Amino acid sequence: MEFKDYYAVMGVAPDATQDEIKRAYRQLARKYHPDVSKEPDAEQRFKALGEAYAVLKDLEKRAAYDQLGSDWQPGPDFQPPHGRRGDAAFSNDEFNDLFESIYGRGPSQGREEGAGFHARGQDHHAQVFIDLEDAYTGATRSISVQTPEVDERGRVHLRRHTLKVTIPKGVRAGQHIRLVGQGMPGMGQGPAGDLYLEVAFNPHPHYRVDQRDVYFDLRIAPWEAALGTQVEVPTPGGRVELSVPADARAGRKLRLKGRGIPGPVAGDFYAVLQIVVPPADSEASRAYYTGMAGQFAAFDPRSTAGA
Amino acid sequence: MDHPSMLPQATVTILEEQTGLSLIEVCRACAVNADGIVELVDEGLLAPLGREPHRWRFTGLHVRRATVALRLRRDLGLNLAGAALAIQLLDELDALREKLRALGTPGA
């Protein structure tokens, strides 16, 4: 466990007042809240912020943190206090507090442990990266999840276990796969929470994805663009024959309807034309380009009409 | 460790594509009691089909919206109206980003 500088996380000086810490927290929480922010690391930053604030907002915890410095054991990885360290900085209650503020996504329910108390376990949230091709065909992934478990001595351990997940066909980036009963265990007779996996696509070397639609740069030669041609286009669902009309311009989008991400409303596949000019790397090809220049003397590529 | 073929297999649904969810199911998915959802409906943040609460039918998108509203309230200390305003502005932001993307490089 590396030392975390909570003051740096919150962007405040080590001698900041409690008011300054609260202000910094409110400001950064709005900025990095995962539901608000589009920053790719918003979730991590928001969690780190919550962890830092949970300690710095509390005078006692802050003093303990200041005193322990790099010996500080923060976050979910740290051992429950009545263990190795004799002079525990936390009581078990405080530990639970911290723990919930880090893990909790639903309203806190875990406080009233009692004979007749039942509560549904909290939901777990994680991200899963899949290939675009998986969305076309469906797939299975083994994912590893960490669930906190309380042993008979009341200590909390993170248990890592593997879960086989069916990635449904037609799933899109930003959607959530819900796995019933795979979240945190319930209390008493309460059912377990659910696991939500937010889907993201691995970057693809050839395809770009926009909602249900898939884009592909189709490279064609100048004469194919001018005269039209038939080409085979590799879509994630297989190769498809596509006709390029004569006089096609670079950047033109040719649509293959329904060849995007499948579903009740299937997306479309777009081949975006890129005209690739052969290199003038020999005497003969240079002569050919010179001939073209004579042939198309009236052609001005920079005129607004374009021809 | 578990052997791969022995791995438990969970029931899978795509949250955003669920339809016909009852108030009870939404409460369960959002881990709140019925009042917590009723006040989101009263605020106009969720518009389920059906008149009376016991006939309400929600979609997965409602669940997602409710979850975001509840998280914003808890994490940022917003009240109901503040959360509703934030969500409305986030929706507008998404729509504008969508338009921007349609004008620029698609999928970039």
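In strand S5 of chain A, the residue that bridges to A:Ile130 is A:Phe201. This pair belongs to a parallel arrangement in which seven bridges connect S1(A) with S5(A), residues 195-201. Strands are DSSP runs of E with at least two residues, helices are runs of H or I with at least four, and both are numbered from the N terminus; two strands pair if DSSP finds at least two bridges between them.

I should state that this is a predicted model, in which local features need pLDDT of at least 70 and side-chain atom pairs count only at pLDDT 80 or more, while totals for chains, interfaces and linings use all residues. Residues are numbered from 1 along each chain as its sequence is written, with chains lettered from A and ligands numbered from 1 in the order in which they are written.

The sheet itself is open, with four strands in the order S1(A)-S5(A)-S4(A)-S1(B) and mixed pairing. Its edges are S1 of chain A (124-130) and S1 of chain B (12-14); each has a single partner strand, so one side of each lacks a neighbour in the sheet.

Let me turn to the helices. In chain B, the axes of H1 (residues 23-30) and H3 (residues 60-76) come within 10 Å and cross at roughly 45 degrees. Axes are lines fitted to C-alpha atoms, for helices over the stretch in contact, and angles run from 0 to 180 degrees between N-to-C directions. H1(B) and H3(B) are therefore oblique to each other, a term for angles outside the classes roughly parallel (under 35 degrees), roughly antiparallel (over 145) and roughly perpendicular (65 to 115).
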